[in-house]
Amino acid sequence: MRASKIWRHGAAAACGAAGFAAAMLLAFPGLAQEAAPMTGAPTAWGLGLQQSGGVVKDVIHDFNELVLYIIIAIVVFVAGLMGYIIWRYREAKNATASRTSHNTILEVAWTVVPVLILLVIAIPSFRLIYYQDRVPSADLTINVQGRQWFWRYAYPENGNFTFDSYPLQEDELPADQRHLYRLAVDNPLVVPIGANVRVITTGADVIHSFFVPSLGVQKYTIPGRTLETWFRADRPGTFYGQCNQICGTNHAFMPIAVRAVPRAEFDAWVADARTRFAQAPAVDAPAAVAEAAIDTTLMAEARR
Ligand SMILES: [Cu+2]
């Protein structure tokens, strides 16, 4: 696969993890059952990026790791060099300071080496941007429309039903899930595990942003424009996100929840959703394809 070819050390880490998993399965056969659903959400005092729920986030993790190692190396080198200089050229040891002000070799080196370091960062960085941009073969398309202040979702390939997603109030959540207040929603997006999901975004009023960190997906929803991105949930679970473009008074109340379920469960959900949301007002569901013309309904609405 393209991703593992690009991020070799990520593949090596995956091999290590696979070996560890195999050893664990030998020791504890009970673990062979289906992986427990994960929760893609921020944790109190959490460090680093959120746990990954799928392949795009895996690649982001790998890239983040690469940059982290480079930063650590630079910090250690610069701090060490400064420490050495402070110690070596202190007044007691070096009373008469050198008057040297130029050194061609050194000047070339401290120009060229940072350029090379930036190249090492830029190449995988651009690859990652194009990797996230669009998926060559999508198994499912979801239309995402940002609105003040809720999300409107449509499944154009599954009967084109449309529904709105609002946050749950704190007292609507079970006691052990109160920490998911402002993340949990009434109608989450549902996707099959392992399916490449094409996400088509547009905005109804102002610019919003569809952002689910644990799936490595973020795309603006812009009135009058149609943008595309994709994600794949490789692990079962619920992945939470929020609108991360300041969009008005209730910006903090636009959470996103994506549930990844087995294919059969997804099919059952679609069958149910098609009747449940049939009555929903599908007034201006965005077009099914990225190349769609500007939606004049949305434009008119945005101007109002
Ligand atoms: Cu918003």
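Visitor: What makes Arg235 partly exposed?

Guide: In this predicted model, Arg235 has a relative accessible area of 29%, and since buried means under 20% and exposed over 50%, with partly exposed in between, Arg235 is placed in the partly exposed class.

Visitor: Why is the pair of Asp58 and Arg235 called a salt bridge?

Guide: The side chains of Asp58 and Arg235 meet at 3.2 Å, N to O, and because the rule asks for a nitrogen of Lys or Arg within 4 Å of a carboxyl oxygen of Asp or Glu, the pair qualifies as a salt bridge. Asp58 belongs to helix α3 and Arg235 to the loop between β9 and β10, with 177 residues separating them.

Visitor: How do you know whether Arg152 is buried or exposed?

Guide: The relative accessible area of Arg152 is 8%, and the limit for buried is under 20%, so Arg152 counts as buried. This residue, in strand β3, forms a salt bridge with Asp164, the closest N and O atoms being 2.7 Å apart.

Visitor: Why are α3 and α4 described as roughly parallel or roughly antiparallel?

Guide: Their axes come within 11 Å and cross at roughly 170 degrees; because angles over 145 count as roughly antiparallel, α3 and α4 are roughly antiparallel to each other.

Visitor: What is the make-up of the contact of α3 with α4, by class?

Guide: The contact has 15 nonpolar and 2 polar residues, with no charged residues; among the participants are Phe63 and Leu66 of α3, together with Pro124 and Tyr131 of α4.

Definitions and conventions. Residues numbered from 1 in each chain as written. Predicted model: local features only at pLDDT ≥ 70, side-chain atom pairs only at ≥ 80, totals over all residues. Heavy atoms only, no water. Axes fitted to C-alpha atoms, helices over the stretch in contact; angles between N-to-C directions. Helix = DSSP H or I, 4+ residues; strand = E, 2+ residues; numbered from the N terminus. Parallel < 35°, antiparallel > 145°, perpendicular 65-115°, else oblique. Contact = heavy atoms within 4.5 Å. Nonpolar A, V, L, I, M, F, W, Y, C, P; charged D, E, K, R; others polar. Buried < 20%, exposed > 50% of the residue type's maximum accessible area, 1.4 Å probe, protein only.
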